[in-house]
Amino acid sequence: MIRSRAANGIREGSDVSGARLHEKTFRLCCVLALLLIAALGVLPLVAQQQQAERIKSIGGKFLCMCGCGQILTQCNHVGCTMSAGMLKELGGWVNRGDSEDAITQSFVQEYGTTVYAEPPKSGFSLVAWAMPVVYFLLGLGLVVVVITKWRKPPLVAAGSVGHEGVSEEVMQRARAQAARDTED
Amino acid sequence: MDVFGQFSLLLAFVCAVYAFLGGMIAIKTRHPLLVKSTRQAGIATCVLIFMATFCLEYLFFTDNFSIAYVVSHSNRDLSTFFKVAALWSGQEGSLLFWTFLLSIYIISVLLVYRNKNGELMPYVGVILAGVQIFFLTLNNFVESPFKTLGALNANGTLDLVARADGNGLNPLLQYPEMVIHPPNLYSGYTGFTIPFAFALAALLARYPGEKWIHLTRKWTMIAWCFQSLGIMLGAHWAYAVLGWGGYWGWDPVENASLLPWLTGTAFLHSVMMQEKRGMMKVWNVWLVFCTFLLCILGTFLTRSGIVSSVHAFANSQIGPWFVGFILVTLTVCFVAYVKNHDYLKSENRLDSVVSRESGFLFNNLLFLVACIAVLSGTLFPVFSEWFSGSRISVGAPFFNKIMIPIGLALLFLTGVGPLLAWRKTSGESLKRNFGWPLLAALVGGLITFVLGYRAAYSLFCFMLCGFVFWTIVLEFYRGAKVIAARTGMSLIMSAHELAMRNTRRYGGYVVHFGMVLIFIGLAGASFNKDVQQTMNLGDSMRLGTYTLVLQSADAKAEKNYTADRMIIEVLKDNKEMMMLYPEKRKFAGTAEQSGTMVAIYSTLREDLYVVFAGQDPETNLPVIHAFLNPLVKWIWLGGVWVVMGTLLALMPNRRAALVLSDASQPAASPVAPALNPSITLREGHD
């Protein structure tokens, strides 16, 4: 009796837990369905957002060709005859799924190399990127040379010829003359 | 009046030629009368240029539409305020304005030093007259602003004609900043002529290097101050008027103004090496030469049409004149240097690599690299066309990539420089001096990280700003503490006393503080957001914590323009805050001209920047472009501090005043030793 009750209890318990399981599964399915519906609703928005960001990112690499010299996505000055059309073109290519390289090619073909916002890192344009580094390295080299030279003790004794042809005496005279002639 | 103006300009040219040729003879013969006469010819040249400039302004004020330049740049409805600015709104007038500002400097120099520097001034006068001759040649024979309108009559001769009204001023120039920005910038450009003239004169006259530095220090700072102010006002104009949401676009004309500023700033630093240690004399002379040449080059870039720019003047024929002038000037400088460089003998000895001298060397290196990088980037489209046949543009992304690291390195040196001692800095002193500033850098970085500003460059910039700020605070604090202990004054009053005793040094620190504020503002640009939306009445758009609701639109008619105005309600966190009124203006004139009026709500945290960007071509609805630009206000505040610091640096030292006062009043009670530490003739600078 006790066993059967216990067995009944187990069966009842298993029925209850089975029902709960069904309920849980049902709820989970509902949530998943809702999520799916929401996702289906949101996905186009996300895709739209992504495309807008892609347009902004790619558009940031080109100049508006109206002559203002501004980045395509930033040019909105009144009376600009180019930026709206260029952005529309860009939007069309992005929506079509064109790669960045293809879009760049299309822009360059249409407007020439002046459309680049920054020089491409290839061909002659590499010079533009290399130059600042070269200047810095040359300058740094010069500074190192200067510091090394200045760190060496003076080779010429005081009173002797300081620089080619100009003795310390002449320099003193020049200084005295300057002091007389100039007043602060 | 136009004939009078033209005649004044012609006579000014003749006087300048006399001042130049007579001055050269005076240098040879040293005849006192000839020296005096050429100086007075120099003064007469300036007065005649003033008269010509006032004539042109008079023609604007009286709406004399028989003058081509007045027709092109003014109309009857233009307000008096903008008629003043119309003078420099075109090629011919701006060149005359340049000559006018140059003449203000020249007449000041000739009058201030009329009884001083007897040996040097004839050279200075000749050089200044040479520069004037160049600009007067352009004013008289190439781009005269006094050309009259004419029409062929039946006899085949020209009759004077006058138009009923003018074309009006370019709308982009009809803003208050345009009335003050170009005069400031031009004052900077022209002001560098004075140190150039003294440097070249000192070299030609074989003066050892120190003297011209002392004579021109203040002139250089004045020019630098104007240049800085001009650049800041230009940036503010671009921000408030062009409507693209930014203040600096690395446009060739902007770059042209930055180039001499960079070399000028390098000079203001390296000059201390010469004054303090007798070093870098050759370098300083060439820095001044380059600064002047870059001013001329900048003008050439702006006016020749060699580079395209939204605010460059139209293509003109004056390019070759500028190239010729640059080449002649460069040749004169080079020959003078080759002949007389022995007189620039330096006492170049470096006791330690870790010293302020090294700091200045690296500072100059970075300024020069920045200058050459900007110059080569600006000219790269021209070079690429020459070498590869196709013109390759170099826009803002390139300059940002190159200049941000250089700018940050310079900011770092701004902090490090004052912590390094002259000659040698010991390890102990490094530890003592760097501890607090480094901690401030970490705290600065942490605060900005917590506030959400987390882009790498910006975060690093904020840290450096904290570092530099603290070094400046320490400099003031240490000095003020000593004065407070000696005098019993409060720390704030002691800091004030400290600054007034050594205006140049502490003025410099105030300028550095201004630069810190500017860098904070620049770092904010990494977090700019914007949204553009076609809006119907009642529509809203969100941007950050702001909601913008288009409430209505109206139109208003003013004397010189009509404006379409959008009325936008701004809500912050859904609470009503304010109304903004971005406008689009259509200006009167024969050409179809329009401009924007941006509506900006500016706080220290961010700018809400709203532009009425036009109408959607398909729906005909207004398009609103809104930007959220963090920390922009700090840039303008920084600019104010930079100018204040320069003005402070231009003031005489209070200590020097005490010495003079003592000398003139021997009976007065002596200054207490505590108030009068180690009086020397050399002005304090570090």
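**Reasoning from values in a predicted two-chain model**

Tutor: We begin with Phe387(B), which is found in helix α13 of chain B, and we keep in mind that the model is a predicted one.

Student: What makes Phe387(B) count as exposed?

Tutor: Phe387(B) has 10 C-beta neighbours inside 10 Å, and a residue is called exposed if 12 or fewer other C-beta atoms lie within that distance, so Phe387(B) counts as exposed.

Student: How far from Phe387(B) is Leu550(B), measuring between the C-alpha atoms?

Tutor: The C-alpha atoms of Phe387(B) and Leu550(B) are separated by 52 Å, and the two residues are 163 residues apart along the chain.

Student: Why does the length of helix α4 of chain A agree with expectation?

Tutor: Helix α4 of chain A covers residues 126-151, which is 26 residues; because the expected span is 1.5 Å times one less than the number of residues, the helix should span 38 Å, and its end C-alpha atoms are 37 Å apart, which agrees.

Student: Which residues of α4(A) are buried, and what covers them?

Tutor: Ala128(A), Pro132(A), Tyr135(A) and Phe136(A) are buried in α4(A), and the cover over the buried residues of this helix includes α13 (356-388) and α14 (396-419) of chain B.

Student: What is the secondary structure of chain A as a whole, and what share of its residues is buried?

Tutor: Chain A has 5 helices and 0 strands, giving the pattern α-α-α-α-α when read along the sequence, and buried residues make up 21% of its 184 residues. Of the contacts in chain A with a separation of 6 or more, 33% are between residues 24 or more positions apart.

Student: Why are α5(B) and α7(B) called oblique to each other?

Tutor: The axes of helix α5 (residues 91-112) and helix α7 (residues 176-191) of chain B come within 9 Å and cross at roughly 60 degrees; since angles under 35 degrees count as roughly parallel and 65 to 115 as roughly perpendicular, this pair falls into neither class and is therefore oblique. The contact is made by Phe97(B), Trp98(B), Leu101(B), Leu102(B) and Tyr105(B) of α5(B), together with Tyr186(B), Ser187(B), Thr190(B) and Gly191(B) of α7(B). The crossing of α5(B) past α7(B) is right-handed.

Student: Which domains does the assignment give for chain B, and how far apart are the C-alpha centres of domain 1 and domain 3?

Tutor: The domain assignment gives domain 1 (1-169), domain 2 (180-379) and domain 3 (527-634) in chain B, and the C-alpha centres of domain 1 and domain 3 of that chain lie 43 Å apart.

Note on methods
Residues numbered from 1 in each chain as written. Chains lettered and ligands numbered in written order. Predicted model: local features only at pLDDT ≥ 70, side-chain atom pairs only at ≥ 80, totals over all residues. Helix = DSSP H or I, 4+ residues; strand = E, 2+ residues; numbered from the N terminus. Buried ≥ 20, exposed ≤ 12 C-beta atoms within 10 Å, placed from the backbone. Contact = placed C-beta atoms within 7 Å. Domains from an automatic or database assignment. Axes fitted to C-alpha atoms, helices over the stretch in contact; angles between N-to-C directions. Parallel < 35°, antiparallel > 145°, perpendicular 65-115°, else oblique. Left-handed = near helix turned anticlockwise from the far one by under 90°.
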